[in-house]
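Student: I should like to understand how the terms used for a structure are justified. May we examine one together?

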Amino acid sequence: MAFERAAALADIPEDEAFGVTVDRYDIALAKHGDEVFALQDLCSHANIPLSEGEVAVDADGTCTVECYLHGSTFDLRSGKPTCFPATEAVATFPVEIRDGDVYVDVTTTLNGVTPA
């Protein structure tokens, strides 16, 4: 794995996504509790940055990020859409926290989705 520093942990807000670029990919980082998630920063429905969306926990406990344009939400762990109009998952990436910094490996995906 090839982890690269993406951001300081303190820079990632609790209730919204945070956009960064790692290597050649735009990544949306999202924090929920002690966990940090990395998804490709591109809604699979309308090519809108997910980093401009809000992070929430659904009634069933699923952590999601919402695309602000049409309201699609994506599971932060799996990248799968949890509501329409999106029907395709977005790539998710491995994350490590080291000494207060967030590192992301964009050479592999956790869910098998090839980044656009």
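Tutor: Certainly; please note that this is a predicted model. We may begin with V55, which touches E14, D15, E16, A17, A30, K31, T64, V65 and L76, leaving aside residues up to four places away in sequence.

Student: What makes T64 or L76 count as a residue that V55 touches?

Tutor: Contact requires heavy atoms within 4.5 Å. T64 and L76 are both listed among the residues that V55 touches, so each has a heavy atom within 4.5 Å of one in V55.

Student: Why is the group that includes C43, L50, V55, V65, F74 and L76 called a nonpolar core?

Tutor: The term is reserved for buried residues of types such as Val, Leu, Phe and Cys, joined through side-chain atoms within 4.5 Å. The largest such core has 16 residues, and those you name have the most contacts inside it. At least two of its residues come from each of β3 (25-32), β4 (35-40) and β6 (63-66). Another core, of 15 residues, lies apart from it and includes A7, V22, A38 and F93.

Student: How do you know that β6 and β7 pair?

Tutor: Two strands pair if at least two bridges are found between them. β6 and β7 have three bridges, in the antiparallel sense, so the condition is met. As an example of a bridge partner, T64 has D75 in β7.

Student: What makes β5 and β7 edge strands?

Tutor: The open sheet consists of three strands in the order β5-β6-β7, with antiparallel pairing. β5 (55-57) and β7 (73-75) each have a single partner strand, so one side of each is left without a neighbour in the sheet. From one strand to the next, the twist averages 35°.

Student: Which elements make up the protein chain as a whole?

Tutor: The protein chain has 10 strands and zero helices. Its pattern along the sequence is therefore β-β-β-β-β-β-β-β-β-β.

Student: Why is the protein chain described as being as compact as a globular protein of its length?

Tutor: The globule rule gives 13 Å for 116 residues, and the radius of gyration is 13 Å, close to that value; the description therefore holds. The C-alpha atoms fill a box of roughly 35 × 25 × 20 Å along the principal axes.

Student: How much of the protein chain is buried?

Tutor: Buried residues account for 45% of the 116 residues. The protein chain exposes about 5,900 Å², of which carbon and sulfur atoms supply 46%.

Notes: Residues numbered from 1 in each chain as written. Predicted model: local features only at pLDDT ≥ 70, side-chain atom pairs only at ≥ 80, totals over all residues. Heavy atoms only, no water. Buried < 20%, exposed > 50% of the residue type's maximum accessible area, 1.4 Å probe, protein only. Helix = DSSP H or I, 4+ residues; strand = E, 2+ residues; numbered from the N terminus. Axes fitted to C-alpha atoms, helices over the stretch in contact; angles between N-to-C directions. Rg over C-alpha atoms; globule rule 2.2 N^0.38 Å. Areas by Shrake-Rupley, 256 points an atom, 1.4 Å probe, with all protein chains shown as cover.
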